[in-house]
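Here is a friendly briefing to read alongside your model. Keep the 3D view open and follow along, topic by topic.

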Amino acid sequence: MISMKRNVLLVAAFAAVLLSCRSAQTPPRSATDIGSPSRAPDLGLALYSGDRRPAVFPAAWPLKAGRRAVFGAHAMVASDAPLAGQAGIEIIRQGGNAVDAAVAVGFALAVVYPEAGNLGGGGYMVMHMADGRAAALDYREVAPLAATRNMYLDAEGNLTDKSIVGPLASGVPGAVAGLTSALAKYGTMPLAQVMAPALRYAEEGFVVDSAFSRALSTNATLIAQYGGKAVFLPEGTSVAPGTRFRQPVLARTLRRIAEQGAAGFYRGETAQAIADEMRRDGGVITTEDLTRYRAVWREAVVSTYRGYTLLTMPPSSSGGITITETLNILEGYDSLAPFGSARATHLLGSAYQRAFVDRNSQLADPAFYQVPMAKLTDKQYASRLRAGIQPMHATTTADVERDMATLRPDEPMRSRLEGTETTHYSVVDEAGNAVATTTTLNALYGSGVYVRDAGFFLNDEMDDFAAQPGKPNMFGLVQGEANAIQPGKRMLSAMSPTIVLDRTGALLLVVGSRGGPRIITSTSQVILNVLDHHMILSDAMSAPRIHHQALPDTLRIERNGLEPAVMDSLRAMGYAVGWTSGIGLVNAIMRVPGGYEGMSDPRSSGRPVAW
Ligand code: DON
């Protein structure tokens with residue numbers, strides 16, 4: 001019964017995603033100062049006009065090539081909510097930099113995009129400043145002090161749905177610590193100034209659009225179980241499009257944060273409201289958990305791919321390492337074969353499959369587990385993995401796993417591998433500062449629990465732990481001991497905010513996605529579409545995507561995203577291949593002559609805002 005409920009939730013989560021939703025041998029560099037220029041418009045011109053090629057998609061693929069992206073001469077915010085984008089551009093026009101704007105967008109999303117924007121969740125930010133500084137900020141939730149390894153198992157040892165729904169599902173939120181830390185280190189404006197748009201949206205209200213209303217309707221059953229019912233489902237149905245929607249309780253919380261900084265959330269009235277909400281229903285987050293929470297500054301993972309430089313997110317997210325490992329495997333092929341061909345799909349799927357074997361067993365919160373970062377990002381290691389890819393045959397994940405175990409005889413397998421709602425936003429300013437941020441409550445509207453005295457939803461991020469190592473989570477990810485639940489630990493994430501620099505070291509792409517493990521595959525495919533397949537940004541975003549996460553051992557293709565003959569070839573190679581819906585929702589910005597192009601995923605209701 002419970003597992004049925006989990007399955008229903010799993011299907012619902014993926015349905016919601018759909019609805020709304022060479023070979024350089026240099027090791028990765030450290031990233032505190034990579035000393036690169038930020039913009040080179042003349043080179044950009046050559047890159048853009050001389051090197052782009054028209055994309056060709058399968059006849060039945062619904063997204064057409066050649067769409068027009070949004071252009072901005074000065075600045076761009078690409079996000080899932082245009083009102084949040086407007087908040088960012090408003091701050092840049094007041095003289096703020098990309099970090100000021102990103103913080104403004106983060107708080108605005110918490111008001112206008114409650115399905116994933118949040119105060120009650122967490123996320124990751126990667127920055128590349130025009131003066132060459134780079135950084136990564138980890139504001140992932142942590143397990144409460146009272147969390148235990150088996151807290152989601154019933155008396156018979158079976159997994160319950162409590163890591164997904166209800167108060168026990170929440171990790172200690174990191175969003176406010178993250179946004180305020182980012183502003184303090186790299187921003188230029190007072191907190192109250194960057195929070196002003198969010199506060200205005202909450203106090204004065206904003207006009208609800210059909211996407212906002214539809215997301216509420218789709219998730220009404222979850223929301224109706226907890227305190228958000230009175231706010232979002234007045235009279236039993238979702239707030240209707242066209243309604244001016246005010247959130248006075250949330251506005252008071254935002255005001256406390258604007259006045260007191262992070263203490264306005266982690267101490268006093270807001271912290272008490274969270275602890276009270278927990279106590280009402282059997283949750284375990286306490287005011288002590290909240291007082292202890294800290295965001296962590298980390299060095300970005302810096303890697304090279306065919307002469308380009310990638311800055312991505314290190315653990316506690318798996319995103320940066322898994323993308324780096326995948327691209328290192330692919331870099332050894334002189335070319336990736338034509339886009340949409342059986343060979344290109346096979347090489348990409350096989351690279352993902354191997355990188356995800358490591359992702360699922362070797363990555364976790366570095367405060368609790370020694371992550372073999374240098375090895376996983378090593379190009380020699382990637383060539384050994386590449387050597388296991390047959391030219392025209394699939395390998396089962398069981399065989400891949402066995403072969404990979406021989407590459408680390410000194411390290412016993414930490415797991416026997418048996419057997420969607422987040423939002424990304426990208427921000428650039430005229431000086432060339434760039435911020436990639438992914439933030440989430442995990443499932444849409446998180447655990448469903450709404451802190452009624454503070455006006456926001458809490459996350460259900462605890463499901464990203466291996467609640468039962470070796471058994472699939474909400475996203476079908478089979479993860480190992482490294483990611484088992486421990487108090488104070490960050491649960492492994494797939495969030496992959498990424499910045500790509502061109503061969504001169506100038507900013508090229510700012511990109512990231514939503515979609516659980518599909519974040520990794522969707523983000524990396526937009527990058528590969530630009531770097532290897534020479535697509536313009538809009539084609540890179542519209543192109544059909546594939547997904548392989550090692551387990552389940554299947555190659556998933558977006559419906560009608562490959563020609564039938566190519567599907568047949570993949571089957572003949574031995575793949576269990578099938579259609580799937582919606583692989584990721586990406587928000588990306590690309591530098592072009594005279595400014596930037598921005599693009600929200602054509603699979604979403606997002607829209608970039610430019611200046
Ligand atoms: O951190 C992670 O990997 C997940 N909590 C992300 C969840 C997600 O992207 C859901 N959206 N579709």
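In this predicted model, M127 of strand β3 stands opposite A135 in β4. That pair belongs to an antiparallel pairing of β3 with β4 (residues 134-139), which runs over six bridges. The points below start from this strand and then move on to the cores, the helices and an open sheet.

**Strand β3 and its partners**

- Strand β3 covers residues 122-128, and seven of its seven residues are buried, so the strand is largely enclosed by the rest of the structure.
- Both faces of β3 are covered: on one side G122, Y124, V126 and H128 are buried, and on the other G123, M125 and M127 are buried too.
- β3 also pairs with strand β11 (residues 434-440), in the antiparallel sense and over seven bridges.
- Within that pairing, Y124 has T438 of β11 as its bridge partner.
- Five residues separate β3 and β4, and the two strands form a hairpin.
- In the turn of this hairpin, G132 has a positive phi of about 100 degrees.

**Two nonpolar cores**

- Which residues touch the most other members of the largest nonpolar core? They are F107, L119, M125 and L254, in a core of 161 residues.
- Helix α4 (residues 98-112) gives the most to this core, with 13 residues.
- Another core, of 21 residues, lies apart from it, and V302, M313, A434 and Y596 are among its members.
- As a general point, nonpolar side chains tend to be buried together in soluble globular proteins.

**A104 in helix α4**

- A104 has its place in helix α4.
- With a relative accessible area of 0%, A104 is buried, because the cut-off for that label is under 20%.
- Leaving aside neighbours within four places in sequence, A104 is in contact with A87, I91 and V194.
- The contact with V194 joins distant parts of the chain: A104 and V194 are 90 residues apart in sequence, but 4.9 Å apart in space, C-alpha to C-alpha.

**Helix α10 and L254**

- Helix α10 (residues 248-260) has 13 residues, which should span 18 Å at 1.5 Å a residue; the end C-alpha atoms are 18 Å apart, which agrees.
- The buried residues of α10 are L250, A251, T253, L254, R256, I257 and A258.
- These buried residues pack against α4, α5 (175-186), α6 (191-203), α11 (263-266), α12 (268-281) and β13 (456-457).
- Not counting residues up to four places away in sequence, L254 touches F107, V111, L119, M195, A198, L199 and A202.
- Just after α10 comes G261, with a positive phi of about 75 degrees.

**Q353 in helix α15**

- Is Q353, which lies in helix α15 (residues 342-362), buried or exposed? Its relative accessibility is 1%, so Q353 counts as buried.
- A polar atom of the Q353 side chain lies 2.9 Å from the backbone oxygen of T395.
- Setting aside neighbours within four places in sequence, the contacts of Q353 are T395, T396, T397, V400, H548, A550 and D553.

**The open sheet and helix α21**

- Three strands form an open sheet with mixed pairing, in the order β16-β17-β18.
- β16 (546-547) and β18 (577-580) stand at the edges with a single partner strand each, so one side of each is left without a neighbour in the sheet.
- Strand β17 (residues 555-558) pairs with β18 in the parallel sense over four bridges, and the bridge partner of L555 in β18 is V577.
- Helix α21 (residues 564-572) has V566, M567 and L570 buried.
- Seen down the axis of α21, its buried residues fall within an arc of 105 degrees, so they line one face of the helix.
- P564, A565 and A572 are exposed on the other side of α21.
- What covers the buried residues of α21 includes α15, β17 and β18.
- G574, just after α21, takes a positive phi of about 105 degrees.

Note on methods. Residues are numbered from 1 along each chain as its sequence is written. This is a predicted model: local features need pLDDT of at least 70, side-chain atom pairs count only at pLDDT 80 or more; totals for chains, interfaces and linings use all residues. Side-chain values use heavy atoms; hydrogens and water are left out. Two strands pair if DSSP finds at least two bridges between them. Buried means under 20% relative accessible area, exposed over 50%, partly exposed in between (1.4 Å probe, protein chains only). A polar contact is a pair of N or O atoms within 3.5 Å; within protein, one must be able to donate a hydrogen and the other to accept it, and residues adjacent in sequence count only if both atoms are side-chain atoms. Contact means heavy atoms within 4.5 Å. The arc is that of the directions from the helix axis to the C-beta atoms. A nonpolar core is a set of buried Ala, Val, Leu, Ile, Met, Phe, Trp, Tyr and Cys residues joined through side-chain atoms within 4.5 Å. The expected span of a helix is 1.5 Å times one less than its number of residues.
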